[in-house]
Every structure is written in structure tokens, then in C-alpha cells.
Amino acid sequence: MEQQQIEVVGKLGSTYGIRGWLRVYSSTEQAESIFDYQPWFLKIKGTWQQVELESFKHHNHEFIAKLKGVDDREMAQTLTNAEIGVDLSVFPELEDGDFYWHDLIGCQVMNLQGYNLGKVSELMETGSNDVLVVKANIKDAFGKQERLIPFLFEQVVKRVDLTTKTIEVDWDAGF
């Protein structure tokens, strides 16, 4: 059996009502697309467990979901704050130049002068563009432990090589 690689796409929030519904917080680009990726896995006590989505709906600017077998408020409360994951194999293939965030996390970031700026620890969405959060292992020669670098392909990000897990950027080491 092939080993599954689970990627976090959101988390369950507080309960909604008395019939086992839970709020859903999506970290997918289009919030509602979290429901397109099935099956879901929930991280419960450090272990991924597959669950079946029974129903979901948009309610007051948020999403709520009902999981199969979770039929009351008490049972739903045990799942509050559980991370929602999906198997990476359910994500569609991307075109050249497009990347999933999970592919970029952990990449070494080097500037054009060959200076190692650190590793991508996370990405942030700012509205205008995504931002790489790059952390150095220790404070570097410029006194930086964390840099925020805009993910502007061709302008700032010159090359992404996922086979070597490196990202080359046009970025001054002093910033």
C-alpha cells in the first residue's frame, strides 16, 4: 500500500448547534474548495484519522460541516480545533511556474550573490501577493533571524528548484 502524504488544508472550529455541526476554517486559496478535497483526515491525538463529510453549508460568512457519525454537540466538541488534512494525491497538477505552498516550505533561499538567507518556514497571503517567511537558523551577519520576501515570480523570485529544494531571489541580504 502506498504511503499517504497528508497536507493540512484547514481546521475545525467550535461546535454549531446541538446536532454535531462544526465550524470549518479553510486555508485553501478559495475557502470553499476545502470541500472539494476528499476524503478528509483529522489529526486526533497526534494521529491522522479518516472521516467522512456528510454535509456542509455556508452560514453567516463562515462554513459549517457535519461529519458522518458525529450526531451531537458533545461528540463534536471532542473534534474542536482538530486539523483537517487531505492526501496530496487529490490536489490537481499545476502549470509550470505555479507551486503549492507545501512544496515551498522547507526550501533554502539564496540571493543572487549566493548568500544563504535561510529556510522558508511558512507563507503568508497579503492580498496583493504571497510572502515567503524565511527564517535563519541563528541571527545572521546582518542581525536578521527572519525575513519577509514577496513571492513575485521573475521580479524577486528568479528560480524555484523543487528537486534541490532551493529558491533563488533577487533580494539584498541586509533587508
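This is a short walk through a predicted model, with a suggestion at each stop for what to select next.

**Stop 1: the open sheet**

Start by colouring strands S8 to S13. Together they make an open sheet of 6 strands, in the order S11-S10-S9-S8-S13-S12, and the pairing is mixed. Now pick out the two ends of that order. Strand S11 (146–150) and strand S12 (157–161) are the edge strands; each has a single partner strand, so one side of each has no neighbour in the sheet. If you turn the view to look at how the strands cross, neighbouring strands are turned by 35° against each other on average, ignoring direction.

Stay at the S11 edge and add strand S10, residues 130–135. S10 and S11 run antiparallel and are joined by 5 bridges. To find one of the contacts, select Lys-135: its bridge partner in S11 is Glu-146.

**Stop 2: strand S7 and its partners**

Next, select strand S7 (83–87). Is S7 enclosed or open to the outside? Of its 5 residues, 4 are buried, so S7 is largely enclosed by the rest of the structure.

Two partners are worth showing beside S7. Strand S1 (6–16) runs antiparallel to S7, with 5 bridges between them; here Ile-6 stands opposite Asp-87. Strand S3 (40–44) also pairs with S7 in the antiparallel sense, over 2 bridges. Show Phe-41 as sticks and you will find Gly-85 of S7 opposite.

**Stop 3: aromatic rings**

Now display the side chains of Phe, Tyr and Trp. The model holds 9 aromatic pairs. Begin with Tyr-37 and Phe-91, an edge-to-face pair with 4.9 Å from centre to centre and 70° between the planes. These two rings connect distant parts of the chain, 54 residues apart: Tyr-37 sits in the loop between strand S2 (21–26) and S3, while Phe-91 sits in the loop between S7 and H2. Tyr-37 has a relative accessible area of 15%, and because under 20% counts as buried, Tyr-37 is buried. Phe-91, at 13%, is buried too.

For a second pair, select Trp-171 and Phe-175. Their rings are also edge-to-face, 6.0 Å centre to centre with 75° between the planes. Which of the two is buried and which is exposed? Trp-171 is buried at 18% relative accessible area, whereas Phe-175 is exposed at 59%.

Before leaving the rings, select Phe-35, Trp-40, Phe-56 and Phe-63, which ring pairs link into a cluster.

**Stop 4: the two pockets**

Switch to a surface view for the last stop. The largest pocket holds about 870 Å³ of space. Of the 29 residues that line this pocket, Ser-27, Glu-29, Phe-99, Tyr-100 and Trp-101 are the closest to its centre. Strand S1, helix H2 (101–104) and strand S9 (116–125) each contribute at least two lining residues. Coloured by class, the lining shows 13 nonpolar, 10 polar and 6 charged residues.

Then move to the second largest pocket, with about 280 Å³ of space. It has 14 lining residues, and those nearest its centre are Pro-92, Glu-93, Leu-94, Tyr-100 and Asp-103. This lining divides into 7 nonpolar, 2 polar and 5 charged residues. End the tour with Tyr-100 selected: this residue is listed among those closest to the centre of the largest pocket and among those nearest the centre of the second largest pocket.

Key:
Residues numbered from 1 in each chain as written. Predicted model: local features only at pLDDT ≥ 70, side-chain atom pairs only at ≥ 80, totals over all residues. Heavy atoms only, no water. Pairing = 2+ DSSP bridges. Axes fitted to C-alpha atoms, helices over the stretch in contact; angles between N-to-C directions. 1 Å grid on protein atoms, 1.4 Å probe; cavity = no way out; pocket = protein on both sides within 12 Å on 5 of 7 lines; lining within 4 Å. Points joined across faces, edges and corners; volume = space filled by probe spheres on them. Nonpolar A, V, L, I, M, F, W, Y, C, P; charged D, E, K, R; others polar. Phe/Tyr/Trp six-rings, centres within 6.5 Å; stacked < 30°, edge-to-face > 60°. Buried < 20%, exposed > 50% of the residue type's maximum accessible area, 1.4 Å probe, protein only.
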